[in-house]
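Hi,

Here is the structure I promised to pass on. Have a look at it first, and then read on for what turned up.

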Amino acid sequence: MPLRPSLHSLLLMAASASSSAAAAGGDSGLLLAARRRLAATATAGGHRIRLLHSFSPGRVPRRPKVACCMRGAPDTRRSAPAPLRSRNVHSASNYAAASERLGQLIQKLKNKGINPKQWRLGNFQRMLCPQCNGGSSEELSLSVFIRKDGMHATWNCFRSKCGWRGFIQADGVTNISQGKTGIESETDQEVEAKKTANKVYRKVIEEDLNLEPLCDELVEYFSTRMISAETLRRNKVMQRNWNNKISIAFTYRRDGVLVGCKYRAVDKTFSQEANTEKIFYGLDDIKRAHDVIIVEGEIDKLSMDEAGYRNCVSVPDGAPPKVSSKIPDKEQDKKYNYLWNCKDYLDSASRIILATDDDHPGQALAEELARRLGKERCWRVKWPKKNDTDTCKDANEVLMFLGPQALRKVIEDAELYPIRGLFSFKDFFPEIDNYFLGIHGDELGIHTGWKSLDDLYKVVPGELTVVTGVPNSGKSEWIDALLCNINKQCGWKFVLCSMENKVKEHARKLLEKHIEKPFFDARYGGDAQRMTPDEFEAGKQWLNETFHLIRCEDDSLPSINWVLDLAKAAVLRHGVRGLVIDPYNELDHQRPSNQTETEYVSQILTKVKRFAQHHSCHVWFVAHPRQLHNWNGGPPNMYDISGSAHFINKCDNGIVVHRNRDPNAGPLDVVQVCVRKVRNKVIGQIGDAFLTYDRVTGRYMDAGKSTIAAVTAVQKRQNSYAKSKKDNVAYEMPFPHPVVDDLVSGEDGGNSFGL
């Protein structure tokens, strides 16, 4: 009777033939023969094929044995048996499709340089990594997994300096089709989770492992690394003589009982006993310890012992190449399952010092440990320099080059592990030093250009100034003049989101302030000479270099997020230092139905302040007051801003711009700048400044003492008169338009100030 073919061999035969055929550009005779043999085996005489996984009692095999069970047709004289419901029973067509997919995967793996001596399905197999070649020790560090159904294959190099990993699928395979295939398909994570859940660890004893005391040569080797014989005996460091090769044996113990063993050969290759439980090295030393030190290698643990710190353990598997994107579930956290196995020892620790290596894998290991142990109780060390140029890599280098006292100081000077969003003042000492020394030059604020206002208000990077005032008071004009003064003084650039201004009109106002000449030969210019074409061209160049615009190119209204995103781009691309949002009511306000206007305004102002602070950019935010009642013609209050009191509560500076509208109350060109809030006492205080407005050029100048005295006297009389009025008499806020001569009145007869 001929030998029965193995299903495993049939699939691999067909896959290899398919791979060869793909390389040759067509089906080979071997592929056709494999397919015929597979189909004949599966269908002849009503035979069925099953995958048989043989498991010995109490032990999980290293890899399932795949066999082919051939059964004849049922005896018609006996009752037909119930149909077998195993999901492992498949048709020959399914296996033929699997062989096609396997052929594709094998060819793709070969193209990546992955070509083991023997292809295995459904099991992790180790081989030499084609990227790093296993390093100097030529370690078999690449783990390759191919699914039995040929859907996909994965690989991962476990060397920390390499970390090459990848994933490939057969052509035409999707996530949906993987679930619908007729062949049993389990993901790599599911396979590992099941193995972990059913894991039965092997018990090891020293006699079976051929462990023996260290020879004199190895004791001498450790002495060159500043590790004493007493420390070696206390930590039960031994040796193994295997195939006439001696390796250092680091014994892993719990409660004094041997749990596992890790070997270090002379050529620095590492290996561990298979199927043993993963735990920390030196686990018994941290039993009931409140402070625990975790290092990256066994020799580092011995070095800490030499420095007097026995409450130290080492991880068993080294460091990862980089930080993972997320923490997997406990059952799938295979790389760090030693943390879960030693959880009872770590729960009692109130402080965990992470003393991992000073390289990228070591820092990645520290982050992975801190994420799982809780950053709030983790500390980290800073390794000192071993010479003028190089820094010590780990604990053993500190011990060898600087001595045990230096290693103790490293642990004593350990710092709190950083938690995102939680800082100490020490983290900001460089910034505080610069502030104290005045390194940047703007610590006391940027002068406004008006002496009377500088004592009350200065511009500080990273702050928010809210500007308000009744309509036609000159809020926008005053901000434009302020920006021109700041640019002339220190060269700041600005981004403008001014929805109420047409671009050409805004350009005219800015150019008039910069050149100090009227834009047109119009009535408002009087006898002043218009700017020349050369001045106009130079002004355009200045305008383009100083200001950038945020404007909607369609009919939609801009949202605050849209404005801040573009302002961020202007900061990064053009180096702007100031942002103007004018005005608030021109933004698109689509707040949720369950959110009040007060909550919405608070949220907007918080976003604006964070933008200002993060980008060190000063923001001027213009907001109109609501409809005023019982108004006496004086400047409004910051609490009168429409929408919410948060405008004054959350801003750093609050300013009211007001102008005189009554010729009987004083000159009409006087502008009152009322500073109503200054959070930082270093840069100003609450008070009023008086400026005069030059209607021809749009510039502002400090008002004279006589003008200020006259305006102040009139305001006192108005305030006294307002207090004497009855409280029940209310009237709307008026907007008087007095009749004056042509030099003062606006061109349209409606704006006596020309703002």
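Which residue stands opposite V678 in β21? Finding it is a nice way into the sheet. It's N653. Keep in mind as you browse that this is a predicted model.

That pair belongs to two strands, β20 (residues 653-659) and β21 (residues 670-678), which pair in the antiparallel sense over seven bridges. In case strand pairing is new to you: strands of a sheet pair through backbone hydrogen bonds, either parallel or antiparallel.

Now zoom out to the sheet. It is an open one with nine strands and mixed pairing, and the order across it is β17-β16-β18-β19-β15-β20-β21-β22-β23. At the edges sit β17 (547-549) and β23 (699-702), each of which pairs on one side only. On average, neighbouring strands of this sheet are turned by 25° against each other, direction ignored.

Two helices to look for next. Helix α19 (residues 560-574) packs on the sheet, where it touches β16 (494-498), β17 and β18 (578-582). The direction of α19 makes about 155° with that of β18. Helix α20 (residues 597-615) lies across β15 (464-468), β18 and β19 (618-622), and runs at about 155° to β19.

Then there's a helix pair. The axes of α17 (residues 503-515) and α18 (residues 533-546) come within 10 Å and cross at roughly 110°. Angles of 65 to 115 degrees count as roughly perpendicular, so that is how α17 and α18 lie to each other. On the α17 side, the residues that meet α18 are A507, L510, L511, H514 and I515; α18 brings E535, F536, G539, K540, W542 and L543. The residues of this contact divide into seven nonpolar, two polar and two charged.

What about cysteines? A search of the whole structure finds zero disulfides. As a reminder, a disulfide is a covalent bond between the sulfur atoms of two cysteines. Both C312 and C674 are buried, because each has a relative accessible area of 0% and the cut-off for buried is under 20%.

One last stop: E443, in the loop between α14 (429-437) and α15 (451-454). Is E443 buried or exposed? Its relative accessibility is 9%, so E443 counts as buried. Leaving aside neighbours within four places in sequence, E443 is in contact with N434, Y435 and G438. E443 and V682 are 239 residues apart in sequence, but 8.9 Å apart in space, C-alpha to C-alpha.

Cheers

Methods
Residues numbered from 1 in each chain as written. Predicted model: local features only at pLDDT ≥ 70, side-chain atom pairs only at ≥ 80, totals over all residues. Heavy atoms only, no water. Axes fitted to C-alpha atoms, helices over the stretch in contact; angles between N-to-C directions. Helix = DSSP H or I, 4+ residues; strand = E, 2+ residues; numbered from the N terminus. Parallel < 35°, antiparallel > 145°, perpendicular 65-115°, else oblique. Contact = heavy atoms within 4.5 Å. Nonpolar A, V, L, I, M, F, W, Y, C, P; charged D, E, K, R; others polar. Pairing = 2+ DSSP bridges. Disulfide = S-S within 2.5 Å. Buried < 20%, exposed > 50% of the residue type's maximum accessible area, 1.4 Å probe, protein only.
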